[in-house]
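Subject: Structure handover

Hello,

Please find below the structure I said I would pass on. My notes on it follow.

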Amino acid sequence: MNTEFDIIVIGAGIAGASVAAHLAETRRTAICEMEDRPGYHTTGRSAAAYEPNYGPPPILALTRAAGAHFRQGGFLTPRETLFFAPESQEEAFERLMAIQKGMVEIPIAAAKEKFPPLRDGYARRAVLDGGTADIDVDLLHQSYLKLFRQRGGEIHCDHAVTALERNGGWTVHTKGKTLRAQIIVDAAGAWGDAVAEMAGRKRIGLQPKRRSMAVVQGPENQDFMSWPLVGDVGETWYCKPQSGKLLISPADATPVDPHDAYADDLTLAEGIARFEEAVDYAVTRVERSWGGLRSFAPDGCPVVGYDARVDGFFWLIGQGGYGIQSSPALSRLAAALVMGQAPPADIMDEGLVLADISPERF
Ligand SMILES: Cc1cc2nc3c(=O)[nH]c(=O)nc-3n(C[C@H](O)[C@H](O)[C@H](O)COP(=O)(O)OP(=O)(O)OC[C@H]3O[C@@H](n4cnc5c(N)ncnc54)[C@H](O)[C@@H]3O)c2cc1C
């Protein structure tokens, strides 16, 4: 394996794998990943949903611009999303209706046809999004890693970056070896600020937030695999069929330090109780659970671009709860910016404002 590269990407989650696949087309590119396999942290723990109405404005633009890649590559299986507003959430419902594209309010009786266990009296209003889908996250991630390797990219797993030295380029010290590159791309997920600090940059205040997920049996004798993704509009629970089971999340967002996350049992129990208030169906047993870290910049928008103070340091962090659905567009945009090219027109046409994601806002 080589030790000299044009670009070293730190992190082999969806952010690092996808940007590296684009960069490797014209640049000698390596990925350093601290775990023994790509996707061990947040990328392997998502709910795998494509929701073009979910997220702050830059994410909406990126997610919509990503739609074509998802569809052409066969990464999506359509699944509607149905949000309910119980009595206390009518304002949140109005806020969603003001920014959405293509969602339609439907009568509660029609919502119950799509989601039969809906408890009478729970929802005041219901809104349906017909443009959402399940993402095959593993297929997507592997497709980028395959393209990266085909283009001559090198992936160094089990190589945590432990120090970065700026000396007419970068010397990258890892657990196993020392590498050199002109440019560093920080795609380290929850560890994004720790990597920036190694490069001599002040932290931007990236905050990892834990989200927990329970896997439960669906109700017997019901075709629950055809249900939409359902949740309350105030985001205190959601439920989604997956692989013959139901996933239930308390939609928790508990601030934590970066670590190998796991579900919090009490939080899970509280979330399942909120789900049970919405349905005529009792969850008898949690078969398994997991937790993952959604990492947010202080304003909730991604951080993408060269640092103005640290030469050759490129940020690609803060994708929050939307890093899979935005990745096809975000990686094309990031690769163009790394190479000093204009941002892709189709992404800008969706209304993306580069200043909203620039690291210079911190
Ligand atoms: C429960 C849950 C549900 C979600 N649902 C959705 C959803 O439905 N749709 C959606 O779009 N998004 C969803 N997300 C968010 C999405 O999963 C993330 O935005 C995305 O995976 C972030 O990707 P990443 O590559 O930035 O981070 P990661 O996948 O965490 O990758 C970062 C990598 O950097 C590596 N790393 C860190 N430090 C170093 C170092 N010093 N040296 C070398 N390597 C290092 C880590 O090992 C890790 O592999 C969800 C997240 C969670 C937790």
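To start with one detail: which residue in strand 12 does Ile7 stand opposite? Ile7 stands opposite Ile183. The rest of the notes work outwards from that pair.

Two points on conventions come before the findings. This is a predicted model, in which local features need pLDDT of at least 70 and side-chain atom pairs count only at pLDDT 80 or more, while totals for chains, interfaces and linings use all residues. Residues are numbered from 1 along each chain as its sequence is written.

Strands and helices

Helices (H or I, at least four residues) and strands (E, at least two) are DSSP runs, numbered from the N terminus. Two strands count as paired if DSSP finds at least two bridges between them.

Strand 1 (4-10) runs parallel to strand 12, and six bridges join the two. Besides the Ile7 pair, Val9 stands opposite Val185 in strand 12. Strand 1 also runs parallel to strand 2, with four bridges between them. There, Ile7 has Thr29 as its bridge partner. As a general point, side chains in a regular strand alternate between the two faces of the sheet.

Strand 12 (178-186) has further partners. Strand 20 pairs with strand 12 in the parallel sense over three bridges, and Phe314 of strand 20 is opposite Val185. Strand 11 (residues 170-174) is antiparallel to strand 12 and is joined to it by four bridges. One of the pairs here is His173 with Thr178. Three residues form the hairpin connection from strand 11 to strand 12.

Strand 1, helix 1 and strand 2 together make a right-handed β-α-β unit (with the strands pointing away from the viewer, the path from the first strand over the helix to the second runs clockwise).

Burial

A residue is called buried if 20 or more other C-beta atoms lie within 10 Å of its own, exposed if 12 or fewer, and partly exposed in between, with C-beta atoms placed from the backbone. Helix 1 (residues 14-23) has 10 of its 10 residues buried, so it is largely enclosed by the rest of the structure. Among the buried residues of helix 1 are Ile14, Ser18, His22 and Leu23. The elements that cover them include strand 1, strand 2 (29-32), helix 5 (137-150), strand 12, strand 20 (313-317) and helix 8 (327-338). Strand 1 is itself mostly covered, with five of its seven residues buried.

Domains

The domain assignment gives domain 1 (4-44 + 137-205 + 299-361) and domain 2 (81-130 + 207-296); such bounds come from an automatic or database assignment. Their C-alpha centres lie 31 Å apart. Domain 1 gives 12 residues to the contact and domain 2 gives eight, where contact means C-beta atoms, placed from the backbone, within 7 Å. On the domain 1 side, four of these residues are nonpolar, eight are polar and none is charged. In this scheme Ala, Val, Leu, Ile, Met, Phe, Trp, Tyr, Cys and Pro are nonpolar, Asp, Glu, Lys and Arg are charged, and the others, Gly among them, are polar.

Two loop residues

Asp158 has a positive phi near 60° and is not a glycine. Asp158 sits in the loop between strand 9 (154-156) and strand 10 (161-166), and counts as partly exposed because it has 13 C-beta neighbours inside 10 Å. Asn221, also not a glycine, has a positive phi of about 60°. Its loop lies between strand 13 (207-216) and strand 14 (229-232). With 6 other C-beta atoms within 10 Å, Asn221 is exposed.

Regards

Conventions:
Contact = placed C-beta atoms within 7 Å.
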